[in-house]
Amino acid sequence: MKRTIIGFHRDEEGDWVAELDCGHGQHVRHRPPFVSRPWVTSAEGRESMLGRELDCLRCDRMEWPENYESHRRTPDFDEGSVPAGLRSDHTTKRGTWARIRVLSGALRYHVGAPIERSFRINPASPAVIVPEVPHRVETEGPVRFFVEFYRRRK
Ligand SMILES: [Zn+2]
C-alpha cells in the first residue's frame, strides 16, 4: 500500500533508506545503470521527495516494524463488554501499530482493504493491527482480550 516518505537515513553500508510514515524503511539506492535515483545523492534531492509516496510491501504483509514500543493498552474486554466501535470498521492513526492480545478464548479479526484478510486469534497468536487499515473484531463465544498500542521509540 502507499506510504508517505517522512525522512531518510543511511544503513550500515551507507545506502540510503527512506523512512515511511508507517514505521517501515525502504532502500532507495542509486546504482546506475541498474537503478537510477540520482536525487537520493543530494540533500536537496532527498528534501524534494519528502511527502511523496512509495509502495510498502511490508505493510501489505502486515510485518511488524522495528523500534516500536508499547505505550498504552485498553482495559480487558469480554464478549459482553466489547465496545461497539471495535465491532465495526475503524482504523488506528498514522504510524500507530497495535496488537490484539487474547487472554482466553478466541476472537475473529477482520482486516479490510487493501489487505483483505481474516484471522481467528487466540492466546498463542496475537493479531497485528496495521496503521490506517480498517479492521474490526467479531466474537464467536467466550473471550477475554485487550488491545495494546505501539509507537516509534524515540
Ligand atoms: Zn509499511
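Two strands count as a pair when DSSP finds at least two bridges between them. Keep that in mind for the views below, which come from a predicted model.

**Figure 1. The whole protein, with its 3 helices and 10 strands.** Welcome to the overview! Reading along the sequence, you meet the elements in the pattern β-β-β-α-β-α-β-β-α-β-β-β-β. A box of roughly 60 × 30 × 25 Å, taken along the principal axes, holds the C-alpha atoms. The protein has 154 residues, and 18% of them count as buried. Look also at how the chain meets itself: among contacts between residues at least 6 apart in sequence, 67% join residues at least 24 apart.

**Figure 2. Domain 1 and domain 2 of the protein.** The domain assignment places residues 2–60 in domain 1 and residues 68–152 in domain 2. Their C-alpha centres lie 30 Å apart. How many residues of each domain are in contact with the other? On the domain 1 side there are 5, and they meet 8 residues of domain 2. Sorted by class, the domain 1 side of this meeting place has 2 nonpolar, 1 polar and 2 charged residues.

**Figure 3. The open sheet of β3, β2, β1 and β4.** Four strands sit here in the order β3-β2-β1-β4, with antiparallel pairing. Which strands stand at the edges? They are β3 and β4 (53–55); each has a single partner strand, so one side of each is left without a neighbour in the sheet. Neighbouring strands of the sheet are turned by 50° against each other on average, direction ignored. As a reminder for any sheet you look at, strands pair through backbone hydrogen bonds, either parallel or antiparallel. At the β4 edge, β1 and β4 are joined in the antiparallel sense over 3 bridges. One residue pair to find there is Lys2 with its bridge partner Asp55 in β4.

**Figure 4. Two hairpins, β1 with β2 and β2 with β3.** Start with β1 (residues 2–10), which pairs with β2 in the antiparallel sense over 5 bridges. Arg10 stands opposite Trp16 of β2. The hairpin has 5 residues between its strands, and Gly14 in the turn has a positive phi of about 90°. Now follow β2 onward to β3 (residues 25–27): these two strands are antiparallel as well, over 3 bridges. Here the bridge partner of Glu19 is Gly25 in β3. This second hairpin has 4 residues between the strands, and Gly23 in its turn has a positive phi of about 105°.

**Figure 5. Strand β7 and its antiparallel partners β10, β9 and β8.** With β10, β7 shares 13 bridges, and you can spot Arg99 opposite Glu148 of β10. With β9, β7 shares 3 bridges; Ala98 has Ile129 of β9 as its bridge partner. With β8 (residues 117–121), β7 shares 5 bridges, and Tyr109 faces Phe119 of β8 in the pairing. The strands β7 and β8 form a hairpin with 5 residues between them, where Glu116 takes a positive phi near 55°. While you trace a strand, remember that in a regular strand the side chains alternate between the two faces of the sheet.

**Figure 6. The largest nonpolar core, with 22 residues.** The residues with the most contacts inside this core are Ile100, Val102, Leu107, Tyr109, Ile121, Ile129 and Phe145. The elements giving two or more residues to the core are β2 (16–20), β7 (97–111), β9 (127–129) and β10 (135–152). Which element gives the largest share? It is β7, with 7 residues. Domain 1 and domain 2 both give residues to this core, so it lies between them. Take a closer look at Ile121: leaving aside neighbours within four places in sequence, Ile121 is in contact with Ile100, Val102, Ala106, Leu107, Tyr109, Pro126 and Ala127.

**Figure 7. Lys93 in the loop between α3 and β7.** The helix before this loop is α3 (84–87). Is Lys93 buried or exposed? Lys93 counts as exposed because 9 C-beta neighbours lie inside 10 Å, and a residue is exposed at 12 or fewer. For a sense of distance, find Pro65, which is 28 residues from Lys93 along the chain; their C-alpha atoms are separated by 15 Å.

Conventions:
Residues numbered from 1 in each chain as written. Predicted model: local features only at pLDDT ≥ 70, side-chain atom pairs only at ≥ 80, totals over all residues. Buried ≥ 20, exposed ≤ 12 C-beta atoms within 10 Å, placed from the backbone. Contact = placed C-beta atoms within 7 Å. Domains from an automatic or database assignment. Nonpolar A, V, L, I, M, F, W, Y, C, P; charged D, E, K, R; others polar. Core = buried A, V, L, I, M, F, W, Y, C linked by C-beta atoms within 7 Å. Axes fitted to C-alpha atoms, helices over the stretch in contact; angles between N-to-C directions.
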